[in-house]
Amino acid sequence: MLKSKAAFKKTARRQAERVMQKLGAHTSSRNPEVDESVKNVSDLDGQLQELYDGVSEYLIAMQTMQTASLKVASTFSEIMQQQDPQMQETSKKFLEKNKKLEEWIQEAIHQTCMETIVRPTGEKLNEIPELNTKIALRDQKLLDYDAYRSRWSAETQKNADSEQALKLASKVERARESLEIITKDVLGKCANIKHHSPEIVGAAFSSFVACSAYLHARQAESIEPLLQSLP
């Protein structure tokens, strides 16, 4: 019961401080370094999510296209057997090459993109919700500090030596220490995510360009010789 009452008082205090700040009656002790770090991670979160979704969609689309190509090749092969015996052998080769390309795309390109782009990007994205939890906790600690600071300031203007002023001063100090601890943690996690992201994005870009080039080269290398047997 006491814990619930304390939790209620804490929530009420934070909500009241939030309202007072919105009204302009109190000022927030914002930290520009934290604000900038949080914004950078938020922007990065959006970019990594877009990259993750884009590559995932690309792999699905690529597999869908190759499956459709295999289906069309199979249909051509059946038609050529009945209507154009001279092209029958070419259509069979085209079908076989499409089968091999489908297997190769699944085993090589798809697996490579998953291992070098999707998985590392996903792992980095998984770090951000934990950071967001820390940021939300810091926001609460900041409200605590600002609330006590405002009350202490008002009390000292009336009587700086009062018992209440001394109690509030102690609460301000404890709130400040608690805020500094969580702030240090948030900045450290932001810095870690920012530090490793260029490496992940750079490796992902290199892998995607290489896979794209290799895919088109392999397709051309496989199918281009068949052009000589076309009328």
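Here are some worked exercises on helix packing, aromatic pairs and distant contacts in this predicted model.

**Exercise 1. The pairing of α2 with α3**

Task: Work out how α2 and α3 are oriented to each other, and describe their contact.

Solution:
- Start with the ranges: α2 covers residues 32-83 and α3 covers residues 88-159.
- Next, take the geometry. The two helices pack at an angle of about 165°, and their axes are 8 Å apart.
- Now apply the cut-off: angles over 145 degrees count as roughly antiparallel, and α2 and α3 are therefore roughly antiparallel to each other.
- Add the handedness, which is left-handed for the crossing of α2 and α3.
- Finish with the residues of the contact between α2 and α3: 26 are nonpolar, 16 polar and six charged.

**Exercise 2. The pairing of α2 with α4**

Task: Decide whether α2 is roughly parallel or roughly antiparallel to α4.

Solution:
- Locate α4 at residues 163-223.
- Read the packing of α2 and α4: an angle of about 25°, with axes 10 Å apart.
- Angles under 35 degrees count as roughly parallel, which makes α2 roughly parallel to α4.
- For handedness, α2 passes α4 in a left-handed crossing.
- The contact of α2 with α4 is made up of 16 nonpolar, seven polar and two charged residues.

**Exercise 3. The aromatic pairs**

Task: Find the aromatic pairs in the whole structure and classify each one.

Solution:
- Searching the whole structure gives two aromatic pairs.
- One of them joins tyrosine 58 and phenylalanine 208, whose ring centres are 4.9 Å apart with planes at 65°. Planes over 60 degrees apart count as edge-to-face, so the pair of tyrosine 58 and phenylalanine 208 is edge-to-face.
- Place these two residues: tyrosine 58 is in helix α2 and phenylalanine 208 in helix α4, so this pair links distant parts of the chain, 150 residues apart.
- Check their exposure. Tyrosine 58 is partly exposed, with a relative accessible area of 24%, and phenylalanine 208 is partly exposed as well, at 28%.
- Turn to tryptophan 104 and tyrosine 214. Their ring centres are 5.3 Å apart and their planes stand at 80°, so this pair is edge-to-face.
- Tryptophan 104 lies in helix α3 and tyrosine 214 in helix α4, so the pair ties together parts that are 110 residues apart in sequence.

**Exercise 4. The surroundings of tryptophan 104**

Task: Say whether tryptophan 104 is buried or exposed, and which residue lies over the face of its ring.

Solution:
- The relative accessible area of tryptophan 104 is 11%. Buried means under 20%, so tryptophan 104 is buried.
- Its ring partner, tyrosine 214, counts as partly exposed at 48% relative accessibility.
- Over the face of tryptophan 104 lies arginine 218, at 4.5 Å from the ring centre.

**Exercise 5. Residues distant in sequence**

Task: Give the C-alpha separation of valine 41 and isoleucine 128, then that of glutamine 86 and proline 231.

Solution:
- Valine 41 belongs to helix α2 and counts as buried, at 5% relative accessibility.
- Valine 41 and isoleucine 128 are 87 residues apart along the chain, and their C-alpha atoms are separated by 8.0 Å.
- Glutamine 86 sits in the loop between α2 and α3. Exposed means over 50%, so glutamine 86 is exposed, with a relative accessible area of 74%.
- From glutamine 86 to proline 231 the C-alpha to C-alpha distance is 9.8 Å, with their positions 145 residues apart in sequence.

Methods:
Residues are numbered from 1 along each chain as its sequence is written. This is a predicted model: local features need pLDDT of at least 70, side-chain atom pairs count only at pLDDT 80 or more; totals for chains, interfaces and linings use all residues. Side-chain values use heavy atoms; hydrogens and water are left out. Axes are lines fitted to C-alpha atoms, for helices over the stretch in contact, and angles run from 0 to 180 degrees between N-to-C directions. Helices (H or I, at least four residues) and strands (E, at least two) are DSSP runs, numbered from the N terminus. Angles under 35 degrees count as roughly parallel, over 145 as roughly antiparallel, 65 to 115 as roughly perpendicular and the rest as oblique. A crossing is left-handed if the near helix is turned anticlockwise from the far one by less than a right angle, and right-handed if clockwise. Ala, Val, Leu, Ile, Met, Phe, Trp, Tyr, Cys and Pro count as nonpolar, Asp, Glu, Lys and Arg as charged, and the others, Gly among them, as polar. Rings of Phe, Tyr and Trp (its six-membered ring) pair if their centres lie within 6.5 Å; planes under 30 degrees apart count as stacked, over 60 as edge-to-face and the rest as tilted. Buried means under 20% relative accessible area, exposed over 50%, partly exposed in between (1.4 Å probe, protein chains only). A charge sits over a ring if NZ of Lys or CZ of Arg is within 6 Å of the ring centre and within 35 degrees of the ring normal.
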